[in-house]
Protein chains: 2
Amino acid sequence: MMSDPQARLERLTSMLRRRGVILPAFEIHGGVAGLFDFGPIGGRLRRRLNNAWLEHWAAQGDIVEIDSPTITPESVLIASGHVGEFNDHMSECNACGGVFRSDHLVEGFHSNPDVLAPKDLDQLISNNNVNCLTCGAMDWKDAQPMNLMFSTRIGTMKGGRTAYMRPETAQGMFMQFPALYRHFRNRLPFGAVQTGKGYRNEISPRQGMIRLREFNMAELEYFIDPEVESSHDFSKWVSSRFNFVPDPEFGEPLEMSPGEASTQNIIRHPTVAWFMARTWDFLVSVGIDPAKIRFRQHEGTEMAHYASDCWDAEIHGSYGWIECVGIAHRGCYDLAAHESATGDNNLRAWRPYDEPKIVDKTVLSGKGAVIGPSFRDQASAVNEALELLIDMPSKFPFELSLGNGDKVTIESEMVEEKRIQSTEHGEWFLPHVVEPAFGIDRILWHILDHAYLESEKGGEAYTVLRLSPSIAPIDVVILPLMEKDELAEMAHDIHRRICSTKNLASYYDGSGSIGRRYARADEVGVPWAVTIDHESLQNGSVTIRRRDDGKQVRIQSDDLVDTLTIGPSANLF
Amino acid sequence: MMSDPQARLERLTSMLRRRGVILPAFEIHGGVAGLFDFGPIGGRLRRRLNNAWLEHWAAQGDIVEIDSPTITPESVLIASGHVGEFNDHMSECNACGGVFRSDHLVEGFHSNPDVLAPKDLDQLISNNNVNCLTCGAMDWKDAQPMNLMFSTRIGTMKGGRTAYMRPETAQGMFMQFPALYRHFRNRLPFGAVQTGKGYRNEISPRQGMIRLREFNMAELEYFIDPEVESSHDFSKWVSSRFNFVPDPEFGEPLEMSPGEASTQNIIRHPTVAWFMARTWDFLVSVGIDPAKIRFRQHEGTEMAHYASDCWDAEIHGSYGWIECVGIAHRGCYDLAAHESATGDNNLRAWRPYDEPKIVDKTVLSGKGAVIGPSFRDQASAVNEALELLIDMPSKFPFELSLGNGDKVTIESEMVEEKRIQSTEHGEWFLPHVVEPAFGIDRILWHILDHAYLESEKGGEAYTVLRLSPSIAPIDVVILPLMEKDELAEMAHDIHRRICSTKNLASYYDGSGSIGRRYARADEVGVPWAVTIDHESLQNGSVTIRRRDDGKQVRIQSDDLVDTLTIGPSANLF
């Protein structure tokens, strides 16, 4: 029984729920599929994982944290392509009205059904006589796209406008490109990170923490100049063997270092390879088993509408191989899309030429006699914007964005075309973006899955969660041998002292046998247990027990905070 | 000009935008009122403030962090009262269709218009001849309540259900009461905190960061037994004078310590007084000027539908006195509401009696001959649930919740009433809740407002942001004297070393005069500036400058991390 993976998954899920790590949300109101709570133990685990992620990237020195709203006006998501493209297909049963994801209906008949077009889905459903999972009928409407965004309205019914809960944090970061460019004093490359909620209105959520309707995302947008050759130092990973699964069109699965994979052009862009290597470091540092990580390249048909190359970091666990990180080369897709939708030219970076160039060009010049009376106080702003215009308008009238964000309409009689010779010192261009996007919940799930160790003790089942001390939600449990006045008082004092220390959390557990209390702590991965006994009252020493081998030593209670913060001294164990 | 508060506010707002602290969101798409971005500098400021808040409460030792979804099914918010009561009133102009908040239209004609009933609002509008702000007409529809929640739908069109973006994080924490109660091994008092987004679909957002449609909340729910006398140690604040503004019905504004205010029953519950004192500590620790904090008690008409006493911590700044924290005694309102809506009896705590009591009581007992055939495998679960029933049903048939969450219908012929004598060892009761709820954005705004110091240097305007080093978003700027190879290389090395240190962030600024670069750093509140010059290359020493007095000393670059982490050594300055 212990080796049946499905039974193990059920025991793990049940433990996570019972101990307040991850629980179905709104359960007393009947619950909602795809929404989960992080409980009294899961809450801090999530926070620490999130913070570890932020620190990992901040250490690079050219990456800053930003935060943008989750409510996103429709125009942003039309420009980004989400209103048109962020769909799953669903099939409706004519007999009972049941609605299912079309790709789920044809699982087993195709290796990757979520890339199929609606007519191929219908064909597979029909060829394989797929029955309705509810009523058993075989009478389907044609597969229809269903947009996966949660929609809402900003403002009152009357004056309101459509908006969506963001499907990714990335768009908010593209919006901030002008602020980022200023912050980094106009020098590429640089990056921004954002962590927070993302939303996806799944048709039928399943697989626990894998398919959520509201999830914790952590994304990084790294802006680069496509004409500058990226150089990255891969020497750190020279003897690491990563598992790569390239697009079958390009080759077979293989093991090699990320530097080699970049040199051999298996990974097409060195900055993508760099973020794959740094992603691997992060995953391993928070407790993912390196043998259970692989990088799989998206096939052409599978690639998102914005990506020119994409690798998933997949992690193996109770649900098989699951995509937990996507590392995509988005090119200039997003910045170009927002520029084109808004006419705003603040999404570009400046590339100075080595030598100034003298170029012939056509410019629009405002006719003073028309511009002045037409635009009054704005006249000089209009002339300025005309001078800065990079592309000639294809037709008149056209909309011109002024420096202050206002827009004006320019008629053909307001301007004249002039051929001029100008000395150009550089050019404005759209930066390219490499984006590592992390699903924090999926990573957290796999950390728990890999850490969960079942064994036996004295004939009974015994489980330990071998969480890395860097993210364990409780650093130490404080156990008075008995809950008598003085022992409990000393235990409470120690508990409060540890809780008052930045980045440390302790849990006071006063009742039950010491063995039972150790077991409760081991079950949720507390790395250290401290017992206060009668000797403690006499000389201030306490017993400290290490989770992973159960070894115990006595130390002075005054040394506890240091031991927990910087780790036990060399000879202690 | 320097002393005109409106002009100062505009300069501050413009600096925050220019430097990437707080910016209007989605600006290139035209923006949305009431939605803001935290930029490359604001992002980390927000994170540090949030973390400081979490650490402040975690230090208490009986408070844990949890996290629940922002999407909330309708039934939860019907039970909590938000679907019915979370409204503002709006007035619509018959002439132009413009929609305004009714209480905004009558500002100046009433001291607290947001507590007025719709007919009183209409009366004031009519008596004072209030014109439409858009078209100038004076032809209003009756004031109508508008619910302030953003609504959405979970799932597909057909099978979907109504949900809302949460108006507060609190309901998610009440949902988790059973998990919290288990976590704390069934012992009150204990608390949970949650930080995250809250949503309020304002009719007409204004006042910058004060009225947002999406905001950062930080709430604490502290569960207590109403029959246990709370004891709190107020000795820490014995010589602190807080400003209290009680409900005018009860008294005049006064200054006193929180302990006194509790003893004199100005604050009705000692646990409310305790959280007010701890709130004051927090606000002062993150940089709020203590002279600009006051505690104002809600008047009866103003109190939220759930509260039995409520005090706001108000902070004074550019917008006058603004509510930034609400500390409410919610009684058992919420837990009772969810119990009554769901019939779930897991929201109670157990209170043992000092002595067992023998009581006569009426119980329902299932008739075996009917229960068995009616419920088959569930029969024993039904009998068990009948035994546990606390209140007799007022009528038949009624719905009975089983231990596994299922519900069954009980007809009168299935049961018989029995009078029994039973020995009771305790009772199940609904805990009371004290809730300090923080608006992180409003606090952050006031931190900036209080820290922003305008002066002159060499005849030019000069501004410094005197942020507390505990929350400053950049700990240090690294300035090579010139951007020559070796100086820049050493500066980059130091920059990377600091960024790799947990909880430290540095900013590399290579170009411009040193004076200009100091000014840029002072403007966004960087506490320390480090300059690398030719001497640095020779002996490894650097100049470190303190923001608040401009004083500079040389230290070894190897000592920098310690100096920044634990503060400068005693004799350094």
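**A guided tour of the two-chain model**

Begin with chain A, where five residues of domain 1 are in contact with four residues of domain 4 of chain A. On the domain 1 side of this meeting, three of the residues that touch domain 4 of chain A are nonpolar, two are charged and none is polar. Please note that the model is predicted.

To colour these parts, select the ranges of the domain assignment. Domain 1 of chain A combines 5–71, 160–333 and 434–441, while domain 4 covers 474–566. The assignment also gives domain 2 as 87–147 and domain 3 as 349–427. Between domain 1 and domain 4 of chain A, the C-alpha centres are 36 Å apart.

Next, display both chains together. A turn of 180° with a shift of 0.1 Å along the axis lays chain A on chain B, with an RMSD of 0.3 Å. The two copies are therefore related as by a two-fold rotation axis. To find this axis from chain A, select T152(A): its C-alpha is the nearest to the axis in that chain, at 2.6 Å. The same surface serves both copies, since 100% of the contact residues of chain A recur in chain B.

Now turn to the interior. Which residues have the most contacts inside the largest nonpolar core? They are M276, V476 and V530 of chain A, together with M276, V476 and V530 of chain B, in a core of 255 residues. Centre the view on M276(A): leaving aside residues up to four places away in sequence, M276(A) touches P258(A), I267(A), F295(A), W311(A) and I327(A).

Finally, select M90(A), V106(A), C132(A) and A143(A), which are among the 14 residues of a second, separate core.

Technical notes. Residues numbered from 1 in each chain as written. Chains lettered and ligands numbered in written order. Predicted model: local features only at pLDDT ≥ 70, side-chain atom pairs only at ≥ 80, totals over all residues. Core = buried A, V, L, I, M, F, W, Y, C linked by C-beta atoms within 7 Å. Buried ≥ 20, exposed ≤ 12 C-beta atoms within 10 Å, placed from the backbone. Contact = placed C-beta atoms within 7 Å. Least-squares fit on C-alpha atoms with pLDDT ≥ 70 in both. Domains from an automatic or database assignment. Nonpolar A, V, L, I, M, F, W, Y, C, P; charged D, E, K, R; others polar.
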